[in-house]
Every structure is written in C-alpha cells, then in structure tokens.
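Got your viewer open? Load the model, switch to the cartoon view, and let's take a walk through it together.

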Amino acid sequence: MDEYVTTHQAEEDARNDSVLIWVNGQLKPRADATVSVFDSGFMLGDGVWEGLRLYEGRWTFLDEHMDRLYEAAKAIDLDIGMDRVGVISALVETQTANGMTTDAHARLMVTRGVKSRPFQHPGLSRQGPTMVIIMEHSKPSIPRPIRLATVPHIRGLPMTQDPKLNSHSKLNCILACIAAEKAGADEGLMLDVHGFVNTTNACNFFIVRKGAVWTSTGDYCMNGITRQKVIDLCRANDIPVYERNFSLVDTYGADEAFLTGTFGAQTPVGEIDGRKIGDGCMGPVTKRIRALYKDLVTP
C-alpha cells in the first residue's frame, strides 16, 4: 500500500527554515516564536483561528476570512484587541517581512491570552489576547487522490461544541484522523448526528453523481469559505449542486468525490472504505470546478 498522504501536504521549501513569525506585534525567528505555558490556547484550546492563502500578491477571500474570525471571536466572547484594519496590517507586515508574493499559507490564531492560574475560568486570562501569525511558503504536493475511511467520531450538535466554530479545540477531529490512519486511510470521513455523510476531519466533502454535485446540508460542519465558493461557482456555471442529506450508500456509488479547503482548494478522493470512487482518479466535474476556481483566485 502507498504511504499515507495528508490533505495539507506541501512541497519542501528551505525558505521556511528562516521565516519570521508574528507574535503579539513582534516578528520573531521560528525558534524564538513561543507563547507561555499559561496561555489559554495551549492550556485549554481556548481560541479561534483562520487559514488564509496568498495567490499572486493577494490574500484570497480576505473579507470573508475576517468576517468569520470576528464572528467566532464574538461567539466565544473574546476581544481580539484590534480592529480588522490592524489584523490585516499584521498579516501584510508578516508577508512583507518574509518576501512572500504567492503560494503562501498563513495560520492566524487568537487566544484568550495568558492565565494567572492554570484553571478554566476565562476571568483568569487578564493580560489580553495572544495573537500569532505563522506564515509559510506552501505549494500543495498531493501525489495521488485521497483515501478516506468512515470513522465513529461525528460532528456534533451546536449545543455541545458548534462545528461551525473555527476553534483551537480540534481533538474530536484529531481522533477522527487517527482512526482513519489506523484503518489504512489518509483522512476520516465523519457522519452527522443522524448518520448522514457530513465532512472529513480537515476538509469539506463533496460527491458527484450523474453530473450533479452534492454536499451536506452544512448543519453539522464547518461552513468553509472554499466550500461556499465551489457551490457558488456551480450555480454560476450551470452545474447542478445540492446541499442535502445523503448516505454512505450514495457516497459509495458516486462517480467522483473531492474535498475542499483553503490549502488544497479541491482535492480528489479516489477511495472510501476500500471502495474505488469512479475510476479512482480526478473526474471531469472536479477538473472543471478546479479550473473555474483557479480563474476565480487568480488576479
């Protein structure tokens, strides 16, 4: 069996050894880019984040990413400590310092900050938020279609931890990824609370049946920005697209399947639970959507 592939696999780039990381207003070498062991993000996963992609000098869908960041911060009652202009300025400062023009990826993270004591209560975070921007030269290098395995871990109800929240608390997804790898796959296919196909541990999930694109209702998954752009592109280009409940039976019989995310855009899926999807390669509808998306993100 081929070695494992991840949906965030990138080409090796020696420039990443010397990138500067933005930490609370200071640009630091990788080795010095640290946060306190008392930081609420390290201690409790108490924070929110965004992944952003740089294409040809432009941070793609920047407004949508900022909308989601501030909405998530409001949802968890976290004061980011600066306005959108300030956050974007920090992003551009990090980009400029690292000489990045295209094929770069940024992970922008905000936590509730350093706690006075190692306990849960948010009131113990008294020094203001911690903000970090990790930026890397990052060109996807995924040598074959992804293999998925259905896992027992589900995306839950919004009254537990809303799956629409882009929080630092990712253990549920990590356990799903581990379960998939134990089953010989690359990534876990997660169901919703009703047993319908939902998402993977790291990406949104689509199938293609008889030329029509299907994805979940979005009720129990991260409503990804790339996911929405794919839906919009389908509607604008006469590709039938449905946000609906569907089962593993529908999935196994699909002609194509693909994943969406900021890093990989559209990543083909070749196998699910040991069953080949279509001919196991990227299908024609996925190829067309990829081309439309490339036109959309290229200035």
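We'll begin with the whole chain and then select a few strands.

**Stop 1: the whole chain.** Keep in mind that you are looking at a predicted model. Colour by secondary structure, and you should find eight helices and 15 strands. Now turn the chain around: its C-alpha atoms fill a box of roughly 55 × 40 × 40 Å along the principal axes. How does the radius of gyration fit with a compact globule? For 299 residues such a globule would have a value near 19 Å, and the chain has 19 Å, so the two agree.

Switch on the surface for a moment. The chain exposes about 14,300 Å², and 53% of that comes from carbon and sulfur atoms. Of the 299 residues, 48% count as buried. Next, colour the charged side chains: there are 32 positive and 37 negative ones, and the centres of the two sets lie 2 Å apart.

**Stop 2: an open sheet.** Go back to the cartoon and pick out six strands, which line up in the order β2-β1-β6-β5-β3-β4. The pairing here is antiparallel, and the sheet is open. Which strands sit at the edges? Select 26–29 for β2 and 58–59 for β4; each of these pairs on one side only.

Now add residues 20–23, which is β1: this strand pairs with β2 over four bridges, in the antiparallel sense. Show the side chains of L20 and P29, and you'll see the β1–β2 pairing up close, with L20 opposite P29 in β2.

**Stop 3: strand β14 and its partners.** Select residues 265–272. Is this strand, β14, largely enclosed or open to the outside? Seven of its eight residues are buried, so β14 is largely enclosed by the rest of the structure.

Add its partners one at a time:

- Residues 146–150 are β7, which pairs with β14 in the parallel sense over three bridges. Look for L148, whose bridge partner in β14 is I272.
- Residues 256–261 are β13, joined to β14 by four bridges and running antiparallel. The two form a hairpin with three residues between them, and F258 stands opposite P268 in β14.
- Residues 275–276 are β15, antiparallel to β14 with two bridges. Here I272 turns up again, opposite R275 in β15.

**Last stop: a turn.** Zoom in on the hairpin of β14 and β15, where two residues lie between the strands. Click on D273, which takes a positive phi near 55°.

Conventions. Residues numbered from 1 in each chain as written. Predicted model: local features only at pLDDT ≥ 70, side-chain atom pairs only at ≥ 80, totals over all residues. Heavy atoms only, no water. Rg over C-alpha atoms; globule rule 2.2 N^0.38 Å. Buried < 20%, exposed > 50% of the residue type's maximum accessible area, 1.4 Å probe, protein only. Areas by Shrake-Rupley, 256 points an atom, 1.4 Å probe, with all protein chains shown as cover. Lys, Arg positive; Asp, Glu negative; His and termini not counted. Charge placed at Lys NZ, Arg CZ, Asp CG, Glu CD. Pairing = 2+ DSSP bridges.
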